[in-house]
Amino acid sequence: IGCKSSSIQRLGLSSQCEGFSHSQITRLFSRFTSLDKSENGALSREDFQRIPELAINPLGDRIINAFSLKGKKIEDQVNFRGFMRTLAHFRPIEDNEKSKDPREPEPLNSRNNKLLFAFRLYDLDKDDKISREELLQVLRMMVGVNISDEQLGSIADRTIQEADQDGDSSISFTEFQKVLEKVDVEQKMSIRFLH
């Protein structure tokens, strides 16, 4: 652990970074280095694709893209700070974080930022709207060939009809938030990191 702690200090990370405790950062760094097959201090798309949970997840590629990996170019790699920043979205919200000063920036694991992260998984063209075609693409990723295109189209149409409040035939982030206002995002989008 001493070696890993000094590596973390060399990276310029404090003992509390992105809301993680020092022991959590140490564990994340250990996981990061075990994934870093090229041992260059950065993870490539291929490194992420070796994670079994992502390999079997129908949205695995979309989740990998959330780490800002756009292609297979060498510069499209994620360093430890970027790795930790993305995972911070999935940190459970602690009671002391709920009553923060409104002048401070929202933590990455706030309900709003968790929803924004999820919204971006659907917003494939990054135009801040989920179109029918984008919804269809994500639905196809999730269900594969188990449902006909006609059924998927019906699900997409109904979803947009229920969510679209401004009549533009797409779902904005505000509309996305409204649809999910009763969903327990905290539970569904949290990973219990070891203490």
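**Exercise 1. Contacts along the chain**

Task: In this predicted model, what share of the contacts in the protein chain with a separation of 6 or more comes from residues 24 or more positions apart?

Solution. Start with the contacts that have a separation of 6 or more; residues 24 or more positions apart account for 55% of them. Next, set this beside the make-up of the protein chain, which has twelve helices and four strands. Then turn to burial: 39% of the 195 residues count as buried. Last, take the surface. The protein chain exposes about 11800 Å², and carbon and sulfur atoms supply 51% of that area.

**Exercise 2. Packing of α2 and α6**

Task: Describe how helix α2 packs with helix α6, and state which residues meet.

Solution. Two quantities are needed, because a pair of packed helices is described by the angle between the axes and the distance between them.

Step 1. Locate the helices: α2 covers residues 22–35 and α6 covers residues 80–87.

Step 2. Read the geometry. The angle is about 120° and the axes are 11 Å apart.

Step 3. Classify the angle. Values of 65 to 115 degrees count as roughly perpendicular and those over 145 as roughly antiparallel; α2 and α6 are therefore oblique to each other.

Step 4. Give the handedness: the crossing of α2 and α6 is right-handed.

Step 5. List the residues. From α2 come I25, L28, F29, F32 and L35; from α6 come F80, F83, M84 and L87. By class, this contact holds nine nonpolar residues, with no polar and no charged ones.

**Exercise 3. F67 in its loop**

Task: Decide whether F67 is buried or exposed, and find what it touches.

Solution. Step 1. F67 sits in the loop that runs between α5 (60–66) and β2 (78–79).

Step 2. The relative accessible area of F67 is 9%. The cut-off for buried is under 20%, so F67 is buried.

Step 3. Leave out residues up to four places away in sequence; F67 then touches F48, V78, G82, F83, T86 and L87. Two of these, F83 and L87, also belong to the α6 side of the contact with α2.

Step 4. Compare sequence with space: F67 and Q77 are ten residues apart in sequence, and their C-alpha atoms are 8.7 Å apart.

**Exercise 4. H89 in its loop**

Task: Is H89 buried or exposed, and which residues is H89 in contact with?

Solution. Step 1. H89 is found in the loop between α6 and α7 (95–98).

Step 2. Its relative accessible area is 14%, which is under the 20% limit, so H89 is buried.

Step 3. With neighbours within four places in sequence set aside, the contacts of H89 are L108, N109, N113, K114, F117 and M189.

Technical notes
Residues numbered from 1 in each chain as written. Predicted model: local features only at pLDDT ≥ 70, side-chain atom pairs only at ≥ 80, totals over all residues. Heavy atoms only, no water. Helix = DSSP H or I, 4+ residues; strand = E, 2+ residues; numbered from the N terminus. Buried < 20%, exposed > 50% of the residue type's maximum accessible area, 1.4 Å probe, protein only. Contact = heavy atoms within 4.5 Å. Areas by Shrake-Rupley, 256 points an atom, 1.4 Å probe, with all protein chains shown as cover. Axes fitted to C-alpha atoms, helices over the stretch in contact; angles between N-to-C directions. Parallel < 35°, antiparallel > 145°, perpendicular 65-115°, else oblique. Left-handed = near helix turned anticlockwise from the far one by under 90°. Nonpolar A, V, L, I, M, F, W, Y, C, P; charged D, E, K, R; others polar.
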